[in-house]
Amino acid sequence: MIPVIVRQEKSVVFEELIERCLARNPKVRPSAIEIETTLHLYRQAFFKLVTRKYIKMNTEEKNKVFLEFYEEFHPQAKAQLAQRFP
């Protein structure tokens with residue numbers, strides 16, 4: 001029997017990816033390469049779009065900047081990933 005993972009709260013970022021990883025049906029779960037590609041895509045875009053000032057920010061400022069980036073970039077990334085991993 002496969003254990004069911006129940007999360008106490010939803011993630012603000014990568015919610016769709018997390019839900020797919022936890023899916024009961026293995027065919028719905030992303031492959032390791034899809035997870036790696038997804039995280040790599042976000043990392044590349046984040047460092048390209050966010051300046052070096054980010055490194056010097058405190059945690060609260062970093063969280064705010066990343067959440068703003070995620071909300072703006074997520075639709076583009078989702079479309080790109082859907083084409084690569086239909």
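## Close-ups of a predicted model

**View 1. Leaving aside its neighbours within four places in sequence, H74 touches E16 and Y42.** Contact here stands for heavy atoms within 4.5 Å. The model is a predicted one, where local features need pLDDT of at least 70, side-chain atom pairs count only at pLDDT 80 or more, and totals for chains, interfaces and linings use all residues. Residues are numbered from 1 along each chain as its sequence is written, and side-chain values use heavy atoms, with hydrogens and water left out. You'll find H74 in helix α4; helices are DSSP runs of H or I with at least four residues, numbered from the N terminus. With a relative accessibility of 17%, H74 counts as buried (buried is under 20% relative accessible area, exposed is over 50%, and partly exposed is in between, using a 1.4 Å probe and protein chains only).

**View 2. Here is helix α2, with one face lined by buried residues.** Its buried residues are E34, T37, T38, L41, Y42, A45 and F46. Look down the axis of α2 and these buried residues sit within an arc of 160 degrees, so they line one face of the helix; the arc is taken from the directions that run from the helix axis to the C-beta atoms. What lies over them? Among the elements covering the buried residues of α2 are α1, α3 (53–56) and α4. Swing over to the other side of α2, and A32, E36 and R43 are exposed.

**View 3. This one follows α2 from end to end.** The 18 residues of α2 should span 26 Å at 1.5 Å a residue, and its end C-alpha atoms are 26 Å apart, which agrees. The expected span is 1.5 Å times one less than the number of residues. Two more α2 residues are worth picking out. L39 belongs to helix α2 and is partly exposed, at 42% relative accessibility. Between the C-alpha atoms of L39 and Q8 there are 23 Å of space, and the two are 31 residues apart in sequence. K48 is also in helix α2, but K48 is exposed, with a relative accessible area of 73%. From K48 to E61 it's 13 residues in sequence and 18 Å in space, C-alpha to C-alpha.

**View 4. Now for the largest pocket, with a volume of about 270 Å³.** Of its 14 lining residues, E16, R20, E34, K78 and L81 are the closest to the centre. A pocket is an open set of points on a 1 Å grid over the protein atoms alone, where a 1.4 Å probe fits, with protein on both sides within 12 Å along at least five of seven lines; lining residues have an atom within 4 Å of a point. Volume is the space filled by probe spheres set on the points, which are joined across faces, edges and corners. Which helix gives the most to this lining? That's α4, with five residues. Helices α1 (15–21), α2 (32–49) and α4 (59–84) each chip in at least two. Sorted by class, the lining has seven nonpolar, two polar and five charged residues (nonpolar: Ala, Val, Leu, Ile, Met, Phe, Trp, Tyr, Cys and Pro; charged: Asp, Glu, Lys and Arg; polar: the others, Gly among them).

**View 5. F14 is a residue other than glycine with a positive phi, near 60 degrees.** You'll spot F14 in the segment before α1. Is F14 buried or exposed? F14 is buried, with a relative accessible area of 17%.

**View 6. A82 is part of helix α4.** A82 is partly exposed, with a relative accessible area of 46%. The C-alpha atoms of A82 and E19 are separated by 16 Å, and these residues are 63 residues apart along the chain.
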